[in-house]
Each structure stands twice: as structure tokens, then as C-alpha cells.
Amino acid sequence: MEVAVKQWEQQTHRLYLRLMAGDELGAHRLVDRLMHAGGDVVALCEHLFTPLLSQIGAEWADGTLTVAQEHRASAIVERLLDRMEPPRSGPPRGVAMVATMQGEQHGLPALMATAALKADGWHTHHVGTQVPVRDLAALAAAERVDFVVLSATRVETVAAAEVAATVIRWSTARPVYVGGPGATLRQLLDLVNG
Ligand code: B12
């Protein structure tokens with residue numbers, strides 16, 4: 001969707017106000033409207049949800065928002081992401097698995113990665129957060145995935161995910177891609193599509 005930067009800023013602000021009011025239905029309607037206007041999952045994640053979450057994180061860090069307000073907003077965003085799956089026809093392009101490693105509680109980037117991969121036509125197993133590396137490697141092998149994606153949000157957890165990636169690559173002989181803060185979903189799609 002070709003939306004001007006200012007329009008994304010306005011939409012982000014509108015969504016922010018709905019989240020702060022706990023208006024989940026209003027938030028759903030806004031996202032549905034953008035999707036119907038031709039918005040794709042990656043554009044919405046990168047131009048709407050990511051800046052919104054950065055703002056919420058900054059306000060939480062400086063004490064403007066309480067933990068309860070941040071949690072409520074994050075939980076609504078999780079449910080918005082769950083609903084964004086566009087209908088697709090035809091067989092999947094392949095099989096993907098997405099997770100975060102132990103110590104990484106930030107599940108939203110992984111949810112965004114899953115939404116982006118599904119929209120790109122991959123059958124995607126979303127395994128959630130804080131998954132033990134051996135269990136993830138075993139499941140990836142059992143499901144014969146084409147690749148594994150590990151999302152991480154902090155410097156420490158990016159480093160831990162890189163170590164886990166080496167273990168999973170070694171035991172499954174499959175590519176493993178690690179995303180960190182600031183990495184984009186477009187980069188992820190470029191990686192998986194070669
Ligand atoms: C929501 C949130 C939480 C929620 C998470 C809820 C959930 N369901 O995810 C909760 C409350 C659990 C939480 C906890 C903590 N949090 Co927090 N949290 C956030 C917040 C507000 C949003 C996180 C987020 O989703 N960011 C947006 C993501 C989408 O952006 P991104 O990281 O650039 O991700 C992109 C890429 O990763 C890409 N992507 C995803 N997968 C892949 C894969 C590949 C291969 C590629 C290429 C790309 C890719 O997709 C994303 C799309 O743009 C951020 C603020 C912020 N600025 O991010 C703080 C933030 C990340 N948290 C922070 C902190 C400090 C914590 C805690 C340590 C706090 C504490 N003292 O307990 C704990 C950590 C718990 C743990 N063990 O992990 C700090 C981190 C600072 C740092 N750099 O270390 C931040 C930045 C807040 C701040 N301003 O201080 N948090």
C-alpha cells in the first residue's frame with residue numbers, strides 16, 4: 001500500500017489513542033480498514049506496529065506509561081497480529097518455524113515474522129517464546145522445515161539466539177535466520193527467498 005509517511009504517522013497516533021483507551025474493537029476496525037484499503041502485513045507491521053511499540057517502550061521506560069498500560073497495549077497488538085492472516089490459495093511455498101529462545105520474552109517480533117511469512121505463502125509453525133533449543137531443533141527436524149527463524153529483541157538475547165542457531169543448523173542441516181532489534185521483515189523475506 002502506498003501510504004505517505006505522514007499518513008502512517010497519523011494512523012499510528014490513532015491506534016495509539018485506541019490502545020491507551022483499551023478500545024480493542026476500535027483498534028481492530030482501524031487495522032481492518034487499512035488492510036481493506038490494500039495494506040499488506042509487512043507494511044502494517046513496519047509502519048504501524050513497530051513505531052507504535054517503540055513509542056510505548058520509550059514512554060514505559062521514562063515512566064509516562066505504567067506497566068499495566070504497556071501490558072494491555074501489547075496484548076491487544078498480539079491479538080491484532082493474530083487476525084491479520086490474509087486468505088491465500090494454492091499450496092504453500094514451503095515450511096517455516098518461528099520462535100524465541102529461552103530468556104527472550106518479547107514475542108511480538110516473532111508474531112510479526114510469522115504473520116509476514118504466512119502472508120508470503122509459507123506454512124509457518126509458530127512455536128512461541130522461550131523455547132528450549134533442543135526441543136526446537138527436534139520439532140524442526142520432525143516437521144521437515146525448510147528453515148527456522150529466531151527473533152530476539154535485546155543485545156543479550158540476540159547473542160544467545162546466534163548460539164542456538166548454530167546448534168539448530170548443526171542438528172537439522174537447515175538454515176536458521178536470526179532477527180534482532182531494527183532488523184526488518186523485508187530483510188527476513190529477502191533471506192528466506194534467497
Ligand atoms: C512489549 C515489550 C515488552 C513485553 C513483551 C510482550 C510481548 N508479548 O512481546 C514485556 C512486558 C514482556 C517486556 C519485558 C521486558 N522488556 Co520489553 N519491551 C517491549 C516493547 C514496548 C515492545 C517490544 C517490541 O515488540 N518491539 C518492536 C519490535 C517489533 O521491533 P524490533 O525489535 O525492531 O523487531 C523487528 C525485527 O526483529 C523483525 N524480525 C522479527 N523476527 C525477525 C527475524 C529475522 C531473521 C529478521 C531479519 C527480522 C525479524 O520484526 C520486527 C518488525 O519490525 C519494547 C520497546 C521497543 N522499542 O521495542 C520494550 C523493550 C524491548 N523491553 C525492554 C526491556 C528492558 C525489557 C525487560 C528486560 C524489562 C524488565 N526489567 O523486566 C523485560 C525482558 C523480559 C525477557 N526476559 O525477555 C527494553 C530493551 C532495552 C535493551 N535494548 O536491552 C525495551 C527497548 C524498552 C525500553 N525502551 O527500554 N517487554
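This report walks through the two domains, the ligand shell and a few individual residues of the structure above.

The model is predicted, so local features need pLDDT of at least 70 and side-chain atom pairs count only at pLDDT 80 or more, while totals for chains, interfaces and linings use all residues. Residues are numbered from 1 along each chain as its sequence is written.

## Two domains and their contact

Let's start with the overall layout. The protein chain is divided into domain 1 (5-82) and domain 2 (95-192), with bounds that come from an automatic or database domain assignment. Taken over C-alpha atoms, the centres of domain 1 and domain 2 are 23 Å apart. Domain 1 puts 11 residues into the contact and domain 2 puts in 9 residues; two residues are in contact if their C-beta atoms, placed from the backbone, lie within 7 Å. On the side of domain 1 that touches domain 2, helix 3 and helix 4 are the elements that give two or more residues. Helices (H or I, at least four residues) and strands (E, at least two) are DSSP runs, numbered from the N terminus. Helix 3 gives the most to this side of domain 1, with 6 residues. By type, the side of domain 1 that touches domain 2 has 7 nonpolar, 1 polar and 3 charged residues. Here Ala, Val, Leu, Ile, Met, Phe, Trp, Tyr, Cys and Pro count as nonpolar, Asp, Glu, Lys and Arg as charged, and the others, Gly among them, as polar.

## Around the ligand

Where does the ligand lie relative to domain 1 and domain 2? Both domains give residues to the shell around the ligand, so it lies between them. Of the 37 residues around the ligand, those that come nearest are Gly57, Gln105, Leu108, Ser151 and Gly179; a residue is near a molecule or strand if its C-beta atom, placed from the backbone, lies within 6 Å of it. The elements that give two or more residues to this shell are helix 3, helix 4 (67-82), helix 5 (108-119), strand 3 (147-151), strand 4 (176-179) and helix 8 (185-192). Helix 3 supplies the largest share of the shell, 10 residues. The shell residues divide into 19 nonpolar, 14 polar and 4 charged.

## Helix 3 and helix 5

Helix 3 deserves a look of its own. Its 21 residues (41-61) reach 28 Å from the first C-alpha to the last, close to the 30 Å expected at 1.5 Å a residue; the expected span is 1.5 Å times one less than the number of residues. At phenylalanine 49, helix 3 bends by about 30°, and proline 51 follows within four residues. The bend at a residue is the angle between axes fitted to the seven residues ending there and the seven starting there. Among the buried residues of helix 3 are Val41, Leu44, His47, Phe49 and Ile56. A residue is buried if 20 or more other C-beta atoms lie within 10 Å of its own, exposed if 12 or fewer, and partly exposed in between, with C-beta atoms placed from the backbone.

For helix 5, the 12 residues should span 16 Å at 1.5 Å a residue, and the end C-alpha atoms are indeed 16 Å apart. Helix 5 is mostly covered, with 11 of its 12 residues buried.

## Individual residues

Valine 31 sits in helix 2 (residues 24-36) and is buried, with 22 other C-beta atoms within 10 Å. Leaving aside neighbours within four places in sequence, valine 31 is in contact with Leu44 and Leu80.

Threonine 114 belongs to helix 5 and is buried, with 27 other C-beta atoms within 10 Å. Not counting residues up to four places away in sequence, threonine 114 touches Val98, Thr124 and His126. Threonine 114 and alanine 96 are 18 residues apart in sequence, yet 8.6 Å apart in space, C-alpha to C-alpha.

## Positive phi values

Most residues other than glycine have a negative phi. Here are four positive ones, two of them in glycines.

| Residue | Phi |
|---|---|
| Glycine 63, after helix 3 | near 85° |
| Glycine 121, just after helix 5 | about 100° |
| Glutamine 130 | about 55° |
| Arginine 144 | near 50° |

Glutamine 130 lies in strand 2 (residues 123-131) and is partly exposed, with 13 other C-beta atoms within 10 Å. Arginine 144 is in the loop between helix 6 (133-142) and strand 3, and is exposed, with 10 other C-beta atoms within 10 Å.
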